[in-house]
Amino acid sequence: MEPIITIAGREDFAEMIQLADLTMPDRMNLHELKKYFELFPDLIFKATDGRQIVGFCCAGIDMYQSAGWLLFNLVKPEYQGKGLGKRLIKARLTALEKFPNLSRVLVTVSKENTRSIRALESFGFYFSHREYDYYGPGKDRDIFELLFLPPTSITTLPEPVVSLNC
Ligand SMILES: CC(C)(COP(=O)(O)OP(=O)(O)OC[C@H]1O[C@@H](n2cnc3c(N)ncnc32)[C@H](O)[C@@H]1OP(=O)(O)O)[C@@H](O)C(=O)NCCC(=O)NCCS
């Protein structure tokens, strides 16, 4: 059966960190995960197969609620390459779309991470820019972006101006 994606809860902390340590050691720690839960409790999802967590992901949004961020995405190795990573991206985009002022979603992705890049590009993300030395000297980060047009930015065309001169 396909894994089910639902909102994660604090009771999932331990299993999520265990999975992160297994797959991406040193990338996500308990403190960081707890911060995400405090800040963005509705933007953290888990994928479960039976009772087992087989993937999870986090998103955030800036204080003006106009720029969303995909913060972390992880699929257990034996579940990779079956579309789950993309479903976890979709879950976060759907949650972020509910913010009425959302104008763009950003994500940091390493240029070697072809799986992530392919998955992001399939949703319309494109390379936006490189921030040089972001992680220290010689350690850059690449930002990918997806633009949204909030409904408020769709303006109606002005009425044609009727000239009174002729
Ligand atoms: C990145 C990650 C979340 C993607 O999850 P996934 O379930 O493997 O991804 P999907 O199956 O949804 O596939 C995503 C894309 O990668 C492609 N892909 C799958 N297996 C691949 C492989 N072995 N090599 C290259 N690309 C591959 C897929 O074709 C798909 O693109 P497409 O739909 O355009 O064809 C997962 O690989 C992972 O957890 N990696 C380790 C952690 C990580 O790097 N996280 C991202 C940074 S936070």
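Which element provides the largest share of the lining of the largest pocket?

1. In this predicted model, the answer is strand E4, from which 7 residues of that lining come. The strand spans residues 67-75.

2. The largest pocket holds about 1,200 Å³ of space. Of its 38 lining residues, those closest to the centre are Met24, Asn73, Val109, Asn113 and Ser116.

3. Besides E4, the elements that give two or more residues to this lining are helices H2 (30-39), H3 (84-96) and H4 (114-121), together with strands E5 (104-108) and E7 (141-147). Sorted by class, the lining consists of 16 nonpolar, 10 polar and 12 charged residues.

4. The ligand is located in the largest pocket. A shell of 17 residues surrounds the ligand, and the closest are Asn73, Val75, Gly83, Gly85 and Lys86. Asn73 is thus named both among the residues closest to the pocket centre and among those closest to the ligand.

5. The elements E4, H3 and H4 each contribute at least two residues to the shell around the ligand. By class, this shell comprises 6 nonpolar, 7 polar and 4 charged residues.

6. Three polar contacts of the ligand may be noted. A nitrogen atom of the ligand lies 2.7 Å from a polar backbone atom of asparagine 73. The side chain of asparagine 113 places an N or O atom 2.8 Å from an oxygen atom of the ligand. For arginine 115, an N or O atom of the side chain is 2.8 Å from a ligand nitrogen atom.

7. On its own, the ligand has 940 Å² of accessible area, of which the protein covers 73%.

Notes. Residues numbered from 1 in each chain as written. Predicted model: local features only at pLDDT ≥ 70, side-chain atom pairs only at ≥ 80, totals over all residues. Heavy atoms only, no water. 1 Å grid on protein atoms, 1.4 Å probe; cavity = no way out; pocket = protein on both sides within 12 Å on 5 of 7 lines; lining within 4 Å. Points joined across faces, edges and corners; volume = space filled by probe spheres on them. Helix = DSSP H or I, 4+ residues; strand = E, 2+ residues; numbered from the N terminus. Nonpolar A, V, L, I, M, F, W, Y, C, P; charged D, E, K, R; others polar. Near = heavy atom within 4 Å. Polar contact = N/O pair within 3.5 Å; in protein donor to acceptor, adjacent residues only side chain to side chain. Areas by Shrake-Rupley, 256 points an atom, 1.4 Å probe, with all protein chains shown as cover. Sits in = over half its atoms within 2 Å of the grid points.
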